[in-house]
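The exercises below are to be worked with the sequence and the coordinates open. Each one sets a task and then gives a solution in steps.

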Amino acid sequence: MTREAAVLVMAAVALVLLGLAAWGWVRRTRRDRTPLIRPAELSDSDTPRETIDALYVATTVHDAPLERIAAPGLGYRSPVTITVTDGAVALDLTNQPRITITADRITAVTQATLTIDRVVERDGLVRLSWLADTGVVVDTYLRPRETSARHLADALAPLAPAPDPSTATGDSE
């Protein structure tokens with residue numbers, strides 16, 4: 001085989017792989033086209049306790065950190081401003097409507113080390129588990145920019161129910 005033929009074969013393989021990746025993403029966005037939560041503002045009674053700049057990493061199926069959900073507004077990594085109040089957390093992703101998750105929807109706040117597209121130092125991500133409008137629990141991963149993941153987790157922790165010590169494993173992802 002000549003060098004030119006080898007280059008053409010490699011280019012064809014690359015195009016096929018790119019096409020398959022695009023096809024997979026289109027299928028995933030069709031599957032996840034239902035919004036997980038309706039955009040909403042904080043209520044008038046919610047007084048911001050803390051505002052933290054972070055990186056929104058991904059939202060995944062609960063306890064499946066490699067299964068990204070491509071729901072509207074949550075499909076791509078983005079800078080985010082997190083506003084924590086006594087009764088809710090608001091996520092302001094760049095060029096997206098505000099997402100407000102009330103405390104009654106939050107099921108857990110933990111720290112993690114990995115999720116789709118991101119592996120960081122031990123416990124460098126905050127995993128916010130919450131009940132979506134679709135009735136399923138999802139995990140949203142956040143990476144604080146100018147503070148520690150522990151600080152963000154501690155700020156969010158009062159919104160989550162107290163962990164059940166009988167189910168704690170002591171492991172983090």
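## Exercise 1: A salt-bridge network

Glu41, Asp92 and Arg98 are joined in a network of salt bridges. The model is a predicted one. Task: work out which residue of the network pairs with both others, and where the partners glutamate 41 and aspartate 92 stand in terms of exposure.

Solution.

1. Take the pair with glutamate 41. Arginine 98 makes a salt bridge with glutamate 41, and their closest N and O atoms are 3.3 Å apart.
2. Locate both ends. Arginine 98 sits in the loop between S4 and S5, while glutamate 41 sits in the loop between H1 and S1; with their positions 57 residues apart in sequence, this pair links distant parts of the chain.
3. Take the pair with aspartate 92. Arginine 98 also makes a salt bridge with aspartate 92, with closest N and O atoms 2.8 Å apart. Arginine 98 is therefore the residue that both bridges share.
4. Classify the acids. Glutamate 41 has a relative accessible area of 58% and is therefore exposed, the cut-off being over 50%. Aspartate 92, at 23% relative accessibility, counts as partly exposed.

## Exercise 2: A salt bridge to S10

Task: the structure holds 8 salt bridges; for the one between arginine 143 and glutamate 121, give the distance between the closest N and O atoms, and state which elements it links.

Solution.

1. The closest N and O atoms of arginine 143 and glutamate 121 are 3.0 Å apart.
2. Arginine 143 belongs to strand S10 and glutamate 121 to the loop between S8 and S9; they are 22 residues apart, and the pair links distant parts of the chain.
3. Arginine 143 is partly exposed at 22% relative accessibility. Glutamate 121 is partly exposed at 46%.

## Exercise 3: The surroundings of S9

Task: describe how strand S9 is covered, which strands it pairs with, and which residues stand opposite valine 126 and arginine 127.

Solution.

1. S9 spans residues 125-131, and 6 of its 7 residues are buried.
2. With strand S6 (residues 106-112), S9 pairs in the antiparallel sense over 6 bridges. Here glutamine 111 stands opposite valine 126.
3. With strand S10 (residues 137-144), S9 also pairs in the antiparallel sense over 6 bridges. Here arginine 127 stands opposite tyrosine 141.
4. The S9-S10 hairpin has 5 residues between the strands, and glycine 135 there takes a positive phi near 90°.
5. Valine 136 lies in the loop between S9 and S10. With a relative accessible area of 42%, valine 136 is partly exposed. Its C-alpha is 8.9 Å from that of leucine 36, although the two are 100 residues apart in sequence.

## Exercise 4: The nonpolar cores

Task: find which residues have the most contacts inside the largest nonpolar core and which element gives the most to it.

Solution.

1. The largest nonpolar core has 31 residues, and Ile82, Val89, Leu91, Ile101 and Trp130 have the most contacts inside it.
2. Elements that give two or more residues include S1 (50-61), S3 (78-84), S6, S9 and S10. Helix H2 gives the most, 5 residues.
3. Another core, of 7 residues, lies apart from this one; Leu55, Val57, Ala58 and Leu125 are among its members.
4. Contacts of tryptophan 130, leaving out residues up to four places away in sequence, include Leu36, Leu74, Ile101 and Val138.
5. Leucine 74 lies in the loop between strand S2 (64-68) and S3. It is buried, because its relative accessible area is 2% and the cut-off is under 20%. Its C-alpha is 8.8 Å from that of proline 35, 39 residues away in sequence.

## Exercise 5: Positive phi outside glycine

Task: for asparagine 95 and aspartate 123, state the loop and the exposure of each residue.

Solution.

1. Asparagine 95 has a positive phi, near 60°, and lies in the loop between S4 and S5. Asparagine 95 is exposed, at a relative accessible area of 76%.
2. Aspartate 123 also has a phi near 60°, and is found in the loop between strand S8 (118-119) and S9. Aspartate 123 is partly exposed, at 25%.

Terms used: Residues numbered from 1 in each chain as written. Predicted model: local features only at pLDDT ≥ 70, side-chain atom pairs only at ≥ 80, totals over all residues. Heavy atoms only, no water. Buried < 20%, exposed > 50% of the residue type's maximum accessible area, 1.4 Å probe, protein only. Helix = DSSP H or I, 4+ residues; strand = E, 2+ residues; numbered from the N terminus. Pairing = 2+ DSSP bridges. Core = buried A, V, L, I, M, F, W, Y, C linked by side-chain atoms within 4.5 Å. Contact = heavy atoms within 4.5 Å. Salt bridge = Lys/Arg side-chain N within 4 Å of Asp/Glu carboxyl O.
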